[in-house]
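Let's take a tour of some aromatic rings and a bit of greasy surface. Have the structure open while you read.

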Amino acid sequence: MIEAKIKSVQCFSMSGLHTMAYKEWGEQDNPNVLVCVHGVTRVSDDFDNMARALAGHYRVICPDVVGRGRSGRLRNPQLYRVPQYVSDMVTLLARVLANGERQTVDWFGTSMGGLIGMGLAGLPDSPVSKLILNDIGPVLDPVALQRIGDYVGQDLRFPSFEVGAKFVRDVSLPFGPHTDEEWHKLAADVLRQDADGNWVRHYDMGLAQPFRSATPESAAADEALLWSFYDAIRCPTLLVRGGESDLLSRETARSMTERGPKAKLVEIPGVGHAPTFIHDDQIAIAKDFLLNH
């Protein structure tokens, strides 16, 4: 079985230095690079199946965004925002592309990972050559954001892995149908045992602070900025929407097919926010776009 190498890179924020871990799949000298970035409370391990499926075509790079998983934490939680994440990805790409002639990458971003990709792809001289946005757009439903913010900020302790895994499964039901084995991995990837023997989630509880400090005015400004980035994207773009998503509306998805890069839209029925791309049929959607367009 193909396995990943776990590496790290040092990044900068206004509060100091921090480490960002990443998983690297495939041949290190492959000039074709795919970066896969997870959602707000998930980790790089989400892409294990997809990375294995694409490692013959790409060098696949899957970071743990700062504050999550194997990566470090920020001293100032208010910096847990897209601009910091984009800055970290620029640092990561400088490392990954250091010895290659081709200075471009393809990008797959789920939810928050899609926002990061949108921010990077919308910059002048962006290295992003193909972009897949998984159930995310410039307009974020306020009710769904409140749900996510409430979930992120719960500092929970579980007495056993089984109890913690049930919690992860219950809050992740919008991911759609998965086998018991798949649910077990989805939980194991994001649960850690602390010094007291309790099971906790893998991320910095400070991630909730930007959600809590958001105002209607700041949300409107963020939306306008995201649309400006989206409208500036020039690379081929695929938008994947969970057919029952409460974060990406059909109206927003339709607008995204008509402006900016005029994304190609694919809807996955029976799934909310967000498709996991664990299953072969979903991986095939990404693979077809990346390799045949």
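## A nonpolar patch on the surface

A nonpolar patch here means side chains such as Leu, Met and Phe, joined within 5 Å, from residues with over 30% relative accessible area and no salt bridge. Keep in mind that this is a predicted model.

Phe-12, Met-14 and Leu-17 make one such patch, about 370 Å² of nonpolar surface. Take Leu-17: you'll find it in strand β2, which covers residues 16-25. With a relative accessible area of 47%, Leu-17 is partly exposed.

## A stacked pair

How many aromatic pairs does a search of the whole structure find? It turns up six. One of them is Tyr-151 with Phe-167, a stacked pair with 5.9 Å from centre to centre and 15 degrees between the planes. This pair ties together distant parts of the chain, 16 residues apart: Tyr-151 belongs to helix α4 (residues 142-152) and Phe-167 to helix α5 (residues 161-171).

Are these two buried or exposed? Tyr-151 has 17% relative accessibility, so it counts as buried, and Phe-167, at 17%, counts as buried too. Tyr-151 also has a charged visitor: the charged end of Arg-201 sits over its ring, 4.6 Å from the centre.

## An edge-to-face pair

Now look at Trp-227 and Tyr-230. Their ring planes are at 85 degrees, with centres 5.8 Å apart, so this pair is edge-to-face. Both residues sit in helix α8 (residues 216-232), three residues apart, or about one turn of the helix.

Trp-227 is buried at 12% relative accessible area, and Tyr-230 counts as buried at 0%. Arg-259 lies over the face of Trp-227, 3.9 Å from the ring centre.

## A ring cluster

Finally, find Phe-47, Phe-108 and Phe-277: ring pairs link them into a cluster.

Conventions. Residues numbered from 1 in each chain as written. Predicted model: local features only at pLDDT ≥ 70, side-chain atom pairs only at ≥ 80, totals over all residues. Heavy atoms only, no water. Patch = residues over 30% accessible without salt bridge, like charges linked within 9 Å, V, L, I, M, F, W, Y side chains within 5 Å. Areas by Shrake-Rupley, 256 points an atom, 1.4 Å probe, with all protein chains shown as cover. Salt bridge = Lys/Arg side-chain N within 4 Å of Asp/Glu carboxyl O. Helix = DSSP H or I, 4+ residues; strand = E, 2+ residues; numbered from the N terminus. Buried < 20%, exposed > 50% of the residue type's maximum accessible area, 1.4 Å probe, protein only. Phe/Tyr/Trp six-rings, centres within 6.5 Å; stacked < 30°, edge-to-face > 60°. Lys NZ or Arg CZ within 6 Å of the ring centre and 35° of its normal.
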